[in-house]
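Okay, thanks for coming, everyone. I'll put the structure up and then walk through the parts I looked at.

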Amino acid sequence: MKVFLTGCAGFIGYHTTLRLLERGDQVIGIDNVSPYYDPKLKERRLELLNDKRGFTFVRGDILDRPLVAETMKGVDRVCHLAALAGVRYSFEHPEEYISINIEGFFNILDEARKQEIAGMIYASSSSVYGGNTKLPSSEEDRVDDQLSLYGMNKKDNELMAHTYHHLYGFPVTGLRFFTVYGPWGRPDMALFLFTDALLNDRPLQIFGEGKMQRDFTYIDDIVSGIVASIDKNYPEEIFNLGCGRQEELMDYVKVIEESCGREAKKEFLPMQPGDVRASLADISKAKKMLGFEPKTTIREGVPKFVEWYREYYGV
Ligand SMILES: NC(=O)c1ccc[n+]([C@@H]2O[C@H](COP(=O)([O-])OP(=O)(O)OC[C@H]3O[C@@H](n4cnc5c(N)ncnc54)[C@H](O)[C@@H]3O)[C@@H](O)[C@H]2O)c1
């Protein structure tokens, strides 16, 4: 299969590209290596991908419609992962979110539909559940109370995809990822921030006074869900991709401390705007329709991240 994958230099895009290449697919990856976080990390991921057979990299912006049109030609699937992915950054840079996460999404969706690509799989987020406190979150639950512009963007993407399916019969699958972590993870996410602080003798800034719960999903499990969605290519679906277990934030911190072999100084801070206190995915639909079986617990996954971090940064 030939897959057009956006955001290939990103955390999830890098791992997904690797998996597709390993099984013999071709990937045309596009990424503008945006400076939202350390571009060196993205360049390093790209170097590793460039060594693999079947990979073509296009350095460019999903907002560049002629470039998108040209590079998408003749592919079998579109896998759209490029976005501004942080909740907090959206408070200071709302216009960038509207442009990349909404206009950018439109460019990819509309072009894929025009070129009659066989199907598009795209990244949504657990953030669409926002203020809906019912747990576990199921795909059938109401998602009309987003707490951040980022969450609203993802909900907007789902609506746009739904409308395109309704109007043109274009096959679309939206994946609501729940807090993804693992090697090569994002520097703005808790696991990276905590490990970085701990190994560099700074206190951990723990929001929500530490009283938060999360469904943490290991990257390899997420990639299995993405690849299964690409293969199934359902006419129109939304899936939760989570681990299906709820962990206390402070247990997560404990596992990080154990993996680093030292105890952290901790600074407890209030909840941040846009954050939710708890997340937990009902993954029964993905299990049934995608054969999705997340295997990795935080006790197995966190040490793998710490090992990668130590090696990458030479700590
Ligand atoms: N990591 C998570 O826990 C998580 C959770 C829910 C949803 N998601 C979604 O999954 C997707 C991937 O997330 P990630 O964690 O890998 O983030 P990431 O920031 O590591 O990857 C996104 C990539 O998109 C690229 N990009 C951004 N704007 C672009 C543009 N205009 N043109 C071309 N490329 C552009 C970036 O350079 C980056 O490499 C995103 O859509 C994100 O919203 C992630």
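**Salt bridges, a helix pair and a few loops**

Let me begin with a lysine: Lys 285 counts as partly exposed, at 23% relative accessibility. Before I go on, keep in mind that what you're looking at is a predicted model.

So, what does Lys 285 pair with? Its salt-bridge partner is Glu 237, and the closest N and O atoms are 2.8 Å apart. Lys 285 sits in helix α10 while Glu 237 is in strand β11, residues 236–241, so this bridge ties together parts that are 48 residues apart in sequence.

That's one of 19 salt bridges in the count. Another one I like joins the side chains of Asp 275 and Arg 88, at 3.0 Å from N to O. Here the two ends are 187 residues apart, and the pair links distant parts of the chain. Asp 275 is in the loop between β13 (266–268) and α10 (284–290), and Arg 88 is in the loop between β4 (77–80) and α4 (89–92). Buried or exposed, you ask, for Asp 275? Buried, with a relative accessible area of 15%. Arg 88, on the other hand, comes out as partly exposed at 32%.

Now for a local one. Asp 110 and Arg 113 form a salt bridge, with 3.3 Å between the closest N and O atoms. Both sit in helix α5, residues 94–114, three residues apart, which means about one helical turn separates them. As a reminder, an α-helix has 3.6 residues a turn, so residues three or four places apart point the same way. Asp 110 and Arg 113 are both buried. They also belong to a network of salt bridges that links them with Arg 65, Glu 111 and Lys 114.

Let's stay with α5 and look at how it packs. Its partner here is helix α6, residues 149–168: the angle is about 20° and the axes are 10 Å apart. That makes the two helices roughly parallel, and their crossing is right-handed. On the α5 side, the contact includes Tyr 97, Ile 98, Phe 105, Phe 106 and Leu 109, and our salt-bridge pair, Asp 110 and Arg 113, is in there too. From α6 you get, among others, Met 152, Asp 156, Met 160, Tyr 164 and Tyr 168. What's the make-up of that contact of α5 with α6? The residues divide into 14 nonpolar, three polar and three charged.

Next, helix α3, residues 65–72. Arg 65, from the network I just mentioned, is one of the buried residues of α3, along with Val 68, Ala 69, Thr 71 and Met 72. What do those buried residues pack against? Four strands and α5: the strands are β1 (2–6), β2 (26–31), β3 (55–59) and β4. Then, just after α3, Gly 74 takes a positive phi of about 80°.

Last stop: Ala 82, in the loop between β4 and α4. Ala 82 is buried, with a relative accessible area of 17%. Leaving out neighbours within four places in sequence, Ala 82 is in contact with Thr 6, Gly 7 and Ile 62. And if you want a sense of the spacing, Ala 82 and Ala 286 are 22 Å apart, C-alpha to C-alpha, with their positions 204 residues apart in sequence.

That's my tour, happy to take questions.

Technical notes
Residues are numbered from 1 along each chain as its sequence is written. This is a predicted model: local features need pLDDT of at least 70, side-chain atom pairs count only at pLDDT 80 or more; totals for chains, interfaces and linings use all residues. Side-chain values use heavy atoms; hydrogens and water are left out. A salt bridge is a side-chain nitrogen of Lys or Arg within 4 Å of a carboxyl oxygen of Asp or Glu. Buried means under 20% relative accessible area, exposed over 50%, partly exposed in between (1.4 Å probe, protein chains only). Axes are lines fitted to C-alpha atoms, for helices over the stretch in contact, and angles run from 0 to 180 degrees between N-to-C directions. Angles under 35 degrees count as roughly parallel, over 145 as roughly antiparallel, 65 to 115 as roughly perpendicular and the rest as oblique. A crossing is left-handed if the near helix is turned anticlockwise from the far one by less than a right angle, and right-handed if clockwise. Contact means heavy atoms within 4.5 Å. Ala, Val, Leu, Ile, Met, Phe, Trp, Tyr, Cys and Pro count as nonpolar, Asp, Glu, Lys and Arg as charged, and the others, Gly among them, as polar.
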